[in-house]
Structures are given as C-alpha cells and as structure tokens.
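Hi,

Here is the structure I said I would pass on. Have a look at it first, and then read on for what turned up.

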Amino acid sequence: MALAWAALLPPSLNTSSSSSPIPTRPKSHMPWKIISSKTSKSSRRANLLITNSTQDSDSDTDNEKDSDSPAFNPFGFVTDNPSSRSAIQLPEVPAEDGNVGEMLYRIEDKGKEYGSYIKSGKLRWFVRETGSANSRKGTVVFLHGAPTQSYSYRVVMSQLSDLGFHCFAPDWIGFGFSDKPQPGYGFDYTEKEFHEALDKLLDVLGVKSPFHLVVQGFLVGSYGLTWALKNQSRISKLAILNTPLTSSSPVPGLFQQLRIPLYGEFTCQNAIMAERFIEAGSPYVLKLEKADVYRLPYLSSGGPGFALLEAARKANFKDISSQIAAGFAAGRWDGPILVAWGISDKYLPQSIAEEFKKGNPNSVQLKLIEGAGHMPQEDWMLMLASSNQVSFASEGH
C-alpha cells in the first residue's frame, strides 16, 4: 500500500501550527499512469479504463457543472473500476457486466481487514481493531460518515497501531457490515439512538476515558461530533476530517434527493451510491478493489439504503451544523482539536474549516492537505497518519 501511494504523496507534513497547504507538484507535471491493461486472446478486446483524477478548480466550466458528474480530463490516472465516473471501458466479457451474482461472488470476502462482529445489546456491530489495550499511547476511536464505512480508516489504523496506539473503528448501525434493522423494529435511526448505541458499544469494547476521537463526514459523522459535545470529559484530543462544522456548510445533493418522497426510495437503492459519492467529493477515482467494498453493503441487500434513507430524513442538517459550531466555540470547548482538511473537497470548501478555526483559535489547529478531497483518510492515508501522530502524540495538539 505504501509503495502504491508513494508516487502521489507530497513531502512530509509540516508539524507547525500553520495552516499553510502542503505543497504538491504542479498539475501540469502529472503523468499518464496505466494501472492495468488486459487483452483477451479470443476476442482481442483491450480492457483499458481511463478516468479523471484532477480537475482545475479555477475553471469556469467546472463551476457550471454538477459535482456528481465532473467532466472527463485525460490528464489524470487510470482506474480499473468500471463504474467510476467518466470511465472509458471495453469489457473483456460483456456477459458478466451487471451480473449481481457474479459481482457478489467476487467481492463477498473483501474489506474486513482487522474486523470482527461485536454484540452490543440487541445490535451487532462490525468493529475494526488494531493495537492492544496495553498500547502505551492510548486509544483512538474512528467514526466514519454517510454513506461510507470504517473501511476508509484501515491504513491509518494500521499505521497508528504501529506507533503505539490502540485503535477502534466501528461501522455505524445501518452502515457497512453492521446490523441494519428495519426502521420501527428496534432502531429508528435518530440522533439520540445513534448516541445511545455508541455509548453501549464503547462500554462493551472497554474503551476507557479519556480517549482520542477521530470523526469524518456527513450525517453519522456529524452525530459523532454532537456525541463529543455531550461527552467532553471522555475525550482527550479530537481530530476532525472534512465534516460540516458551521451553519453555512452546504448539504450534498445525495442527501437532498433522499428527502424527496418516492425519489428518495429510488435513490437509496443505487448499489454504487457510496462509491459515486466518494468520487464526486474527491479529485480521484476509486480502484475497483476499493469500490467493491464500498458498494458491497448496498449491493447485497436493500437494508443499508433504507437505513440511510431513514437517517437522512430524520436529520436536521443545518441545525446540527449550528450546534457543532456553537458547541466547539471558544469558552465552550477547551480541549485540543486538529482539523485536517482535504482542500480538494467538492462538498465542503476550505472556508468552512477556516471559519471553524476562527471560532476557537486557541484550541483548533488547522492542517490543510493539498490534493486530498472529502475523505482525506482514503485520498492521502499515509499523510493523514502522520498528521494524527502529531495530534495525538504531542502534549498540546
């Protein structure tokens, strides 16, 4: 994994408190990179997928287009994911395309690195764990956002455990490989229920306070921050990655669509919804091996889609963001906060992070990560691990 990302990583993270972006080489120097090219002897069809990895944010045409359907740009890198945005593909075996059974067979055992099932009350969680309870630097809990899963933290968790941390990353109820109860039958996907379920899970896992908390993303990611506001004494240090933090934080089109009657029911059953959401918020596309894991829950049953639908319709996005802005402001939160922000995020602009820092400049340390999008832990895994090491290992931040 480290070798695969080595060519894309910028220089080491500046550990000062400055919010200056991390430099990367100019876009004009980005080479074409062929990841895979296969040719069938029988059909002589080339299986070559070319997609867009970078877009010029200064382009007037980019501003006019919907973020969910970016324009094709050949000056990027190749992916082997046939469902990626703007992908050009000539399938080697066309009959297998769209065959759900074939897709499930190929991916059913993927994406469970470091994970196991944990029973908490009537709910079964899928929880990833690295390190041990005796780790010398303490415990880190990673919380993902919607519509993704804890898989996004797999590399960061591995590296932080090597540095002496004990790490947990659960799939929220309704997401990933955790239980997805039908709404109205034991879980209704409200903020209160997510908070209560997390409390019980932390008790079952034996997570001792205070611990380090990392949060990223929309909806359940925001619920991770509102949970933190109610449990400040349990958190020693907090790291926030690209999460709505102010009342001006925009709501992505996906969540707006989910709230539309009937149209939401249709939208939530899109099997490639999660991977498309990730790609639309990032300058990169996902390789097939990663996209497989993000799509698996939505492909294997309708439960995850309806869980997301229920949660999205019960959430008041603007009110939650306002609570977060007020709750972490100066005078109300005095613990150290690292905001590690991918500045190529197509959902949340850099100004959101800067506005949040202004609300509590003494507690908030802002690190801007150039080249990373909405999910820095997926775009720049090694860089983020370095950033979190600085945050969790130091006395201040």
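To get your bearings, in which helix is the place of D379? That residue sits in helix α14, which covers residues 376-379. Before going further, please keep in mind that this is a predicted model.

D379 is a curious one. It is buried and yet has no salt bridge. The nearest side chain of opposite charge belongs to K290, and that is 7.3 Å away. A salt bridge needs the nitrogen and the carboxyl oxygen within 4 Å, so 7.3 Å does not qualify. What the side chain of D379 does reach is the backbone nitrogen of G373, at 2.6 Å.

Now for the whole chain. The secondary structure comes to 15 helices and ten strands. Of the 397 residues, 52% count as buried. The accessible surface is about 17,000 Å², and carbon and sulfur atoms hold 52% of that surface. As for how the chain folds back on itself, take the contacts between residues at least 6 apart in sequence: 77% of these join residues at least 24 apart.

Back to the charged residues. The count of salt bridges comes to nine, and a few of them deserve a visit.

Start with E378, in the same helix as the puzzle above. Which residue does the side chain of E378 meet in a salt bridge at 3.0 Å, N to O? The partner is R154. E378 lies in helix α14 and R154 in helix α4 (residues 154-162), so the salt bridge ties together parts that are 224 residues apart in sequence. Buried or exposed, these two? Both E378 and R154 are buried.

E378 also forms a salt bridge with K290, where the closest N and O atoms are 3.5 Å apart. This pair, too, links distant parts of the chain, with E378 in helix α14 and K290 in helix α10, 88 residues apart. E378 counts as buried because its relative accessibility is 2%, and K290 is buried as well, with a relative accessible area of 7%. Put together, R154, K290 and E378 are linked in a network of salt bridges. K290 is also the residue named above as carrying the nearest opposite charge to D379.

Another pair is E265 with R313, which form a salt bridge with the closest N and O atoms 2.9 Å apart. Since E265 lies in helix α8 and R313 in helix α11, the pair ties together parts that are 48 residues apart in sequence. E265 is partly exposed, with a relative accessible area of 28%. R313 counts as partly exposed too, at 31% relative accessibility.

That brings us to α11 itself, which runs over residues 303-314. Does its length come out as expected, and what should its twelve residues span at 1.5 Å a residue? They should span 16 Å, and the end C-alpha atoms are 17 Å apart, which agrees. The buried residues of this helix are P304, G305, A307, L308, L309, A311 and A312. They pack against several other helices: α5 (191-205), α7 (253-258), α8 (263-267), α9 (273-280), α10 (288-300) and α12 (317-327).

One of those neighbours, α9, is mostly covered, with seven of its eight residues buried. The buried ones are M273, A274, E275, F277, I278, E279 and A280. In turn, they pack against α7, α8, α10 and α11.

Helix α7 is where you will find L258, a residue that is buried with a relative accessible area of 0%. Leaving out residues up to four places away in sequence, L258 touches G264, T267, C268, L308, L309, A312 and R313. Take the last of these: L258 and R313 are 55 residues apart in sequence, but 7.1 Å apart in space, C-alpha to C-alpha.

Finally, a stop at a strand. T139 lies in strand β5, residues 139-143. With a relative accessible area of 15%, T139 is buried. Which residues does T139 touch, not counting those up to four places away in sequence? They are H166, F168, V207, F211 and H212.

If you open the model, the network of R154, K290 and E378 is a good place to start looking.

Cheers

Technical notes. Residues numbered from 1 in each chain as written. Predicted model: local features only at pLDDT ≥ 70, side-chain atom pairs only at ≥ 80, totals over all residues. Heavy atoms only, no water. Helix = DSSP H or I, 4+ residues; strand = E, 2+ residues; numbered from the N terminus. Buried < 20%, exposed > 50% of the residue type's maximum accessible area, 1.4 Å probe, protein only. Lys, Arg positive; Asp, Glu negative; His and termini not counted. Polar contact = N/O pair within 3.5 Å; in protein donor to acceptor, adjacent residues only side chain to side chain. Expected span 1.5 Å × (residues − 1). Contact = heavy atoms within 4.5 Å. Areas by Shrake-Rupley, 256 points an atom, 1.4 Å probe, with all protein chains shown as cover.
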